[in-house]
Amino acid sequence: MTRVYYLASFRNRIEQSSKLKNSRIVLSIDPIQTSQPKRFAMKSIKHLQHTICAIKLNFHLILPLSKSDLSEVNKLAHFYGLQSIADVKLNDISNTNQIAIQYLIEMGFDSVIVNPFMGRDVLRSAVQQTHGSNCGVIALVYMSHHGAKDCYGVDVVSPKTKRITKMYKYFHKMTIDEGVDGVVVGATNISILKEISNRKTAPIYSPGIGAQGGRINSVTKNGADYLIIGRSILSSIDPVREAKKFQLLMSNR
Ligand code: XMP
């Protein structure tokens, strides 16, 4: 069993896990076989735990599993000294978010990914609630898929300054102001990744390596702190070897 200091904040815990494991890889456990998703998740954690610092579970794993299944998955991750992130891109009114977050906390997740479209006040209560339970919030700032530009890249007028800015810049400032523990910026748009990392705020989580076209070297050189990787590892012939390859490439940055 690997010990991670559980009184520390999520931000510190994941930093500590990444030091212990010498890895900044967040394994996205996206089921590639749907018949036994829990078995798939447990097996992936056991095989890859020494090459990653955290796991990330998305809806297509969360939906088919029960609360006790998810608690078991998270317990196993914790047993190996890993953090667990719920990638639900939460985006609702405060009352609804509150109940969803409570369930995620009870299931043992350490952090939840939220969509800043919920607005500043709602985001603030989500941050307060999660921090109250020693959990973290990671906010979307610029997603990794091609169509992200149609939303995160559009011009908006800031309600405070009345100046025109880009949606992702507005989201970045707002989410940092509200005390999030990390931001998501896709590995597929290097100039935006670089721009966000130059502002030196919260750690950057970057999905989109490999399968979506992002390249690990340029992503790590341009400021990503944690890499969210799914298919490039899990769909490869030898996932452990592939994960170790990524681990080595990151440590050489
Ligand atoms: P792959 O197989 O492409 O998996 O390595 C990536 C995982 O991350 C999710 N994903 C995102 N999650 N913001 C997020 O919070 C994003 O911009 C984003 N892009 C991809 C994807 O659903 C999969 O679970």
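The following passage describes the ligand site and the two largest pockets of a predicted model. In this predicted model, local features require pLDDT of at least 70 and side-chain atom pairs pLDDT 80 or more, whereas totals for chains, interfaces and linings use all residues. Residues are numbered from 1 along each chain as its sequence is written, and side-chain values use heavy atoms, with hydrogens and water left out.

The ligand is surrounded by 17 residues, among which Asp30, Ser144, Gln212, Gly230 and Arg231 come nearest; a residue is near the ligand if one of its heavy atoms lies within 4 Å of it. This shell comprises 7 nonpolar, 5 polar and 5 charged residues, with Ala, Val, Leu, Ile, Met, Phe, Trp, Tyr, Cys and Pro counted as nonpolar, Asp, Glu, Lys and Arg as charged, and the others, Gly among them, as polar. Polar contacts are pairs of N or O atoms within 3.5 Å. Polar side-chain atoms of Lys56 and Asn58 lie 3.0 Å and 2.9 Å, respectively, from an oxygen atom of the ligand, while one of Asp87 lies 3.1 Å from a ligand nitrogen atom. Taken alone, the ligand exposes 510 Å², of which the protein buries 91% (Shrake-Rupley method, 1.4 Å probe).

The ligand sits in the second largest pocket, in the sense that more than half of its atoms lie within 2 Å of the pocket's grid points. A pocket is an open set of points on a 1 Å grid over the protein atoms alone, where a 1.4 Å probe fits, with protein on both sides within 12 Å along at least five of seven lines; lining residues have an atom within 4 Å of a point. Two or more shell residues come from each of strands S2 (54–58), S3 (83–90) and S10 (226–229), with strands being DSSP runs (E, at least two residues) and helices likewise (H or I, at least four).

The second largest pocket holds about 310 Å³ of space, the volume filled by probe spheres set on the points. Of its 21 lining residues, Lys56, Ser144, Pro207, Gln212 and Ile228 are closest to the centre. S2, S3, S10 and helix H10 (231–234) each contribute at least two lining residues, and the lining divides into 9 nonpolar, 7 polar and 5 charged residues.

The largest pocket has a volume of about 370 Å³. Its lining of 17 residues draws most on helix H7 (167–177), which supplies 7.

Definitions and conventions
Polar contact = N/O pair within 3.5 Å; in protein donor to acceptor, adjacent residues only side chain to side chain.
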